[in-house]
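Let's take a walk through this fold, one contact at a time. Keep the viewer open and follow along.

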Amino acid sequence: MDSVLLHGEAEGYIQSLEKMSLRDIGSPRWFRQHEYIEKLNMQAILNASANQEEFIKDLCFSWKGNTFFFFILQIPTLVHAMILTEVWKHKVFPIICKLQDFNPKSTFLLYMVIHHEATIINLLETIMYHKESSGAAGDSVLDLVDYCHRKLTLLAGRSVSGEIPTGDRITHAQMSNTASVQDLQRQSDMLEFEISIKALSVLCYITDHIESLGLSVLSRMLCTHNMPCVLVQLVENRPWNGGTLEKYTEGKWRTVLPEDQLKLSKHDGQVWIALLNLLLKPDCQRKYDFNSFNKTQLLKLRGFLTEVVIDQLPNLLDLKHFLSQLAVTDPAAPKKDLILEQLPEIWNNIVTKNSNKWKAIAKYQVTQVFNPSESELREQASRLAQTYNLDVMEHLIPDKPKCGACGRTGAKRCSRCQGEWYCNRECQVKHWPKHKPACKLMAEAIQKLQKEPNISR
């Protein structure tokens with residue numbers, strides 16, 4: 001299978017990453033950086049498609065060592081870019097959606113911004129697997145903990161209220177056909193679920209390396225956010241389970257065979273491992289307040305620690321013994337020492353700097369960024385064709401392609417742009433008026449690339 005990037009390309013992309021302002025989102029400079037991050041993420045997914053363990057080893061160490069070194073040095077920049085996009089989605093994007101006179105020729109650039117957060121959290125999921133990454137993140141690990149808490153509380157809340165989306169979001173091949181800004185808003189809500197699931201993975205890795213992190217990180221997770229009780233909510237509601245027939249795995253909702261209904265998913269395992277780390281590690285036990293409320297919440301876990309679950313995760317037997325002891329004892333309250341605690345800064349700095357400017361930023365981006373001319377659309381389509389190499393993308397899609405018109409399994413691909421699939425000729429003809437503008441741009445971009453064989457991948 002071909003690589004997306006060579007070692008030198010990867011290192012160059014990583015070193016060029018920089019922090020940007022909220023106003024810069026969607027600009028050519030931002031779009032160029034998004035391409036770099038997207039290509040790095042695609043390389044990660046490409047390697048992961050073979051074997052998860054080998055993929056992590058290959059990504060972080062066989063890229064000549066220096067690549068991983070540069071990666072971990074840029075973790076604060078990646079965290080900043082992710083939270084910057086999160087703030088934009090909460091503060092600016094809703095204003096753009098309400099502007100009645102905003103009718104862009106293409107919504108694909110808006111989709112790029114919306115998807116940017118998911119791309120970064122996926123890349124951080126890879127990087128944070130390693131202990132060195134948690135240390136190299138520096139103060140930004142506090143912001144990352146806060147980010148994970150926001151996503152997991154949202155996930156738990158939506159699960160309780162029955163608001164978990166069970167449909168699949170649009171793919172990059174379909175994004176140019178998205179009809180309106182309002183459609184993108186719905187897709188953003190669906191993407192939020194996927195991002196929250198990735199945040200669970202990142203939190204699990206942070207708890208794995210808790211000994212190497214500062215006291216402020218520990219205090220933030222246990223005292224400020226009471227993360228163990230948040231995780232209890234996830235164990236109770238299992239938002240990645242769509243009843244007995246479906247489970248969310250590998251980025252999609254999939255039908256579960258009867259013999260697999262009792263199997264723990266990857267996300268179940270991550271919640272339990274995070275709980276093991278936060279409740280059984282000595283530093284955590286000394287810091288956590290086992291008051292009556294927390295104790296009541298934690299003891300709910302005993303009902304889920306069945307023999308079937310423990311057979312799949314034997315380490316949970318230690319947790320079961322701990323909870324049995326907790327039920328009959330009252331652990332001493334943690335000592336309230338006077339300490340200087342670090343606070344996360346990224347979210348607050350972005351919000352403070354742009355307070356009362358949200359409408360101005362939205363209007364500027366609507367006129368200057370998200371309403372490109374015909375020539376700018378062609379250039380964007382050309383760069384899109386380079387970033388999402390169609391031959392490589394086919395290796396990244398685990399399922400059969402779907403018809404762009406009716407959603408059934410696609411049998412034939414559009415011969416002109418090679419980016420859309422159809423189940424039959426009738427669906428292709430029916431979908432043509434909607435697909436035609438994007439098809440034309442993509443076809444011209446591909447022809448241009450074919451005439452420039454020396455262009456970098």
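Glu86, Lys89, Glu117, Arg150, Lys151 and Glu192 are wired together in a network of salt bridges; a salt bridge here is a side-chain nitrogen of Lys or Arg within 4 Å of a carboxyl oxygen of Asp or Glu. Before going further, note that this is a predicted model, where local features need pLDDT of at least 70 and side-chain atom pairs count only at pLDDT 80 or more, while totals for chains, interfaces and linings use all residues. Residues are numbered from 1 along each chain as its sequence is written, and side-chain values use heavy atoms, with hydrogens and water left out.

Zoom in on Glu86, which pairs with Arg150 in a salt bridge at 2.8 Å, N to O. That link joins distant parts of the chain, since Glu86 sits in helix H5 (residues 75-91) and Arg150 in helix H9 (residues 140-160), 64 residues apart. Helices are DSSP runs of H or I with at least four residues, numbered from the N terminus. Glu86 is buried, with a relative accessible area of 2%, whereas Arg150 counts as partly exposed at 24%. For those labels, buried means under 20% relative accessible area, exposed means over 50%, and partly exposed is in between, using a 1.4 Å probe and protein chains only.

Glu86 also forms a salt bridge with Lys151, at 3.7 Å from N to O. Glu86 is in helix H5 and Lys151 in helix H9, so this pair ties together parts that are 65 residues apart in sequence. Both Glu86 and Lys151 are buried. Elsewhere, Glu236 makes a salt bridge with Lys300, and their closest N and O atoms are 3.9 Å apart. Glu236 lies in helix H12 (residues 227-237) and Lys300 in the loop between H15 and H16, so that pair bridges parts 64 residues apart in sequence. Glu236 is partly exposed, with a relative accessible area of 32%, and Lys300 counts as partly exposed at 32% too. A search of the whole structure turns up 17 salt bridges.

Now for the greasy side of things. A nonpolar core is a set of buried Ala, Val, Leu, Ile, Met, Phe, Trp, Tyr and Cys residues joined through side-chain atoms within 4.5 Å. The largest one has 107 residues, and Trp88 and Leu231 touch the most other members. Helix H7 (residues 108-127) gives the most to this core, with 13 residues. Another core lies apart from it, made of 7 residues, among them Cys403, Cys417, Tyr422 and Cys439. What does Trp88 contact, leaving aside its neighbours within four places in sequence? Its partners are Leu22, Ile25, Phe93, Pro94, Ile96, Leu110, Val113, Ile114, Gln365 and Phe370, where contact means heavy atoms within 4.5 Å.

Leu22 turns up again beside Asn354: not counting residues up to four places away in sequence, Asn354 touches Leu22 and Ile361. Asn354 belongs to helix H18 (residues 346-354) and is buried, with a relative accessible area of 10%.

Leu231, for its part, leads over to helix H13 (residues 266-280), where Leu278 is found. Beyond residues up to four places away in sequence, Leu278 touches Thr207, Met221, Leu222, Met227, Pro228, Leu231 and Cys284. Leu278 is buried, at 1% relative accessible area. Its C-alpha is 9.8 Å from that of Cys204, 74 residues apart along the chain.

Leu279 is in helix H13 as well, and counts as buried at 0% relative accessibility. The C-alpha atoms of Leu279 and Pro228 are separated by 7.6 Å, with their positions 51 residues apart along the chain. Outside its neighbours within four places in sequence, Leu279 is in contact with Pro228, Gln285, Phe290, Leu298, Leu319 and Phe322.

Those contacts bring us to helix H17 (residues 316-328), which has 13 residues and reaches 19 Å from its first C-alpha to its last, close to the 18 Å expected at 1.5 Å a residue; the expected span is 1.5 Å times one less than the number of residues. In H17, Leu316, Leu319, Phe322, Leu323 and Leu326 are buried. Looking down the axis of H17, these buried residues fall within an arc of 110°, so they line one face of the helix; the arc is that of the directions from the helix axis to the C-beta atoms. Gln325 and Val328, on the other side of H17, are exposed. The buried residues of H17 pack against H13, helix H14 (282-287), helix H15 (292-299) and helix H16 (307-312).

Notes. Helix = DSSP H or I, 4+ residues; strand = E, 2+ residues; numbered from the N terminus.
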